[in-house]
Amino acid sequence: SLCKVNLFYFYSFFFFYYIFVLIIIYDLLVKYMKLGENSDIEFKSAKGGLPKSLWESVSAFANPNGGYIILGVEENTGKFEVGSLKNSSTLIKNIK
């Protein structure tokens, strides 16, 4: 039926759009990791929950230029790597 076909195209569009957005975010993350930390970007591991130094970083970025704090990225011998975030929903609740 026409309704099922339209729903199929509707959901297919959003599925591929979602994948496209994830690829863009991943590419940006890799780019930022190659550049390393600077006055605009800071990486935090967050393996065991919110890092204690998170709020210091938030305070440091509370200026007109702002900045980005990216959780789930670990530094290993001078290089940044994507780590793991356990219980990401709990992390989000703790930030709020």
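Trainee: What is the relative accessibility of Glu42?

Mentor: This is a predicted model: local features need pLDDT of at least 70, side-chain atom pairs count only at pLDDT 80 or more, and totals for chains, interfaces and linings use all residues. Residues are numbered from 1 along each chain as its sequence is written, and side-chain values use heavy atoms, with hydrogens and water left out. Buried means under 20% relative accessible area, exposed over 50%, and partly exposed in between (1.4 Å probe, protein chains only). Glu42 counts as partly exposed, and its relative accessibility is 22%.

Trainee: Where is Glu42 placed?

Mentor: Helices (H or I, at least four residues) and strands (E, at least two) are DSSP runs, numbered from the N terminus. One such strand covers residues 41–44. Glu42 has its place there, in strand E1.

Trainee: Which strand is joined to E1 by four bridges?

Mentor: Two strands pair if DSSP finds at least two bridges between them. Here there are four, and the two strands run parallel. The partner covers residues 68–71 and is strand E2.

Trainee: What is the bridge partner of Lys44 in E2?

Mentor: Lys44 is buried, with a relative accessible area of 8%. Its bridge partner in E2 is Leu71.

Trainee: Which helix does the chain pass through from E1 to E2?

Mentor: The path is a β-α-β crossover, and it is right-handed. That term means that, with the strands pointing away from the viewer, the path from the first strand over the helix to the second runs clockwise. The helix in between covers residues 54–60 and is H2.

Trainee: How far apart are the C-alpha atoms of Glu42 and Tyr68?

Mentor: Along the chain, Glu42 and Tyr68 are 26 residues apart. In space, their C-alpha atoms are separated by 6.3 Å.

Trainee: How many salt bridges does a search of the whole structure find?

Mentor: A salt bridge is a side-chain nitrogen of Lys or Arg within 4 Å of a carboxyl oxygen of Asp or Glu. One joins the side chains of Lys44 and Glu42 at 2.8 Å, N to O. Another joins those of Lys47 and Glu74 at 3.7 Å, N to O. The number found is two.

Trainee: How many residues apart in sequence are the parts that Lys47 and Glu74 tie together?

Mentor: Lys47 lies in the loop between E1 and H2. Glu74 lies in strand E3 (residues 73–76), so the pair ties together parts whose separation in sequence is 27 residues.

Trainee: How many aromatic pairs are found in the whole structure?

Mentor: Rings of Phe, Tyr and Trp (its six-membered ring) pair if their centres lie within 6.5 Å; planes under 30 degrees apart count as stacked, over 60 as edge-to-face and the rest as tilted. Phe15 and Phe16 are edge-to-face, at 5.2 Å centre to centre and 75° between the planes. Phe43 and Phe80 are tilted, at 4.7 Å and 50°. The search finds two.

Trainee: Which strand holds Phe80?

Mentor: Phe80 is buried, with a relative accessible area of 15%. Its partner Phe43 also counts as buried, at 7%. The pair links distant parts of the chain, 37 residues apart: Phe43 sits in E1, and Phe80 in the strand of residues 79–82, E4.

Trainee: How far apart in space are Leu54 and Leu28?

Mentor: Leu54 lies in helix H2 and counts as buried at 5% relative accessibility. Leu28 is found in helix H1 (residues 2–35) and is partly exposed at 37%. The two are 26 residues apart in sequence, and their C-alpha to C-alpha distance is 21 Å.
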